[in-house]
Amino acid sequence: MSAHPIKVHTQNKIPEMEATQIRIIDKTIVLPTLPPFHEDHTLALSHIDNDRNIQVNFRYLRAYVNSHPNPADPVLIISEALSKVLVHYYPLAGTLQRHSQDSRFELFCSAGQGVPVIRAVCNQSLDSLNYLDDPAEKFLEELVPDPEYEDVLEHPFVLQITTFACGGFSLGSSVYHSMCDGFGSGMFFNAMAELARGASEISTKPVWERANQLGPRSPPKVEFPFHEFLLLDKEFSPYKGNISNLSIRECFHVQDEALERFKGLLFEQSGGKKFTTFEALGALIWRARVKASKFPSEEKVKFAYSLNIRNQLKPALPSGYWGNSCVTMYVQLTVQELLQQPIWVIAELISKSKRNATDEYVRSFIDFQELHYTEGITAGKGVSGFTDWRHLGHSTMDFGWGSPVTVLPLSRNLLGSSEPCFFLPYSLAVHGGKKDGFKVLVSLPETAIAGFRAEMERFESKL
């Protein structure tokens, strides 16, 4: 084959210029335009919100081109829209605290709470910085808030608006994952974008009801063998000893035509089994990264991914529910098993794992959390986290300047993995709005990235 499903993305080298500088101008607390409640109160989170594997700070970046002849001030417009939307989404201005009995999170809401908004400027234009599309650039970290743990609990949502010399701007978001997942944060930002574009009301009203919708049964009943891939160890944290400072982010491109040929090859090898893009590429990337990381052959490794269960539940979650509505699914193998089996077999295991996501599985997972939360539930070591952002709407969020030209997650801790893999839509400006394929963002230790590239190239040469 002349084209490969994945190829290393090589950025055009930015010409020599003045060093990129990002300067913080000020930090304000944006309050709701109207008091959203009259008395201080505490809101319960669901058992899925309290899953220890998502007690992490999620950070991501959007970049927008400002091409209007008389450009409006994005800081002013977005701050005003935030103030309006907080009337509906006021919990994002609340404070997380631990419940005294079991250390689960709950949310304290008090009058006068707001969301911190950081205003910053950059001395370069977006085009000179390749529209922020290179995940290896270290200055990107300065465009997204990265609060310490205590600050995260006080302000689980922080926004940074950075304007560039060209008039364009970026939105850097820091959201504590226990508050919402990618789907829920997308609902919030879409509501804020509606108001920024001039709407008088948001189209979907948010629903909290977390303990009612996703609380444990009485008595709890666990019908699935979670103990086969989840451990009870209160001392273990998948993010302790995080080597993120030594890891490298890199983008690989996926082309539609070559991807279909790859899936066709798996169809032939498997005797007629069809696999989704996520299953096929997930299997390929998981095996390549484990081999490149040189784990011991008998060590157990896990493929972890989030699966939306909004419609699997009976009854389904309300359309305005914006809490965490995914459960983490796992495929577990020893390193030897993973490396010796054909890719289609691994893809089939991923496919089969999806079938577990029934109402009973979700209810059992919640009950397992109820029974064993204080003992420390963890997926252990060797977790490779995968998440698909292609269809969450993050690439079409319009605050009045059109869709973002770049959407880039910067989090390294997710789903029990300190090196997650993201499937992402293309950046519109950099890639001319093309619809051919998408990109895969991987994060790997510096010692493993060369081996990972070699594994991918070795596979491509066989196509």
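**Exercise 1. Place P315, then find the peptide bond that makes this proline worth a look.**

Start with the location: P315 sits in the loop between β12 (300–308) and β13 (326–334). Strands here are DSSP runs of E with at least two residues, helices are runs of H or I with at least four residues, and both are numbered from the N terminus. Next, check omega: K314 and P315 are joined by a cis peptide bond, with omega about -5 degrees.

Before going on, a word on the source: this is a predicted model, where local features need pLDDT of at least 70, side-chain atom pairs count only at pLDDT 80 or more, and totals for chains, interfaces and linings use all residues. Residues are numbered from 1 along each chain as its sequence is written, and side-chain values use heavy atoms, with hydrogens and water left out.

**Exercise 2. Which residue does a cis peptide bond join to P219, and where is P219 found?**

First, the partner: it's S218, and omega for this cis bond is about 0 degrees. Then the location: P219 belongs to the loop between α4 (210–213) and β10 (231–232).

**Exercise 3. Take K294: what is its phi, and is the residue buried or exposed?**

Phi comes out positive, about 60 degrees, although K294 is not a glycine. On the chain, K294 falls in the loop between α6 (277–293) and β12. Its relative accessible area is 73%, so K294 is exposed (exposed is over 50%, buried under 20%, partly exposed in between, with a 1.4 Å probe and protein chains only).

**Exercise 4. Now do L415: is it buried or exposed?**

Begin with the backbone: L415 isn't a glycine, yet its phi is positive, near 55 degrees. The loop in question runs between β16 (406–409) and β17 (421–424). Finally, relative accessibility is 3%, so L415 counts as buried.
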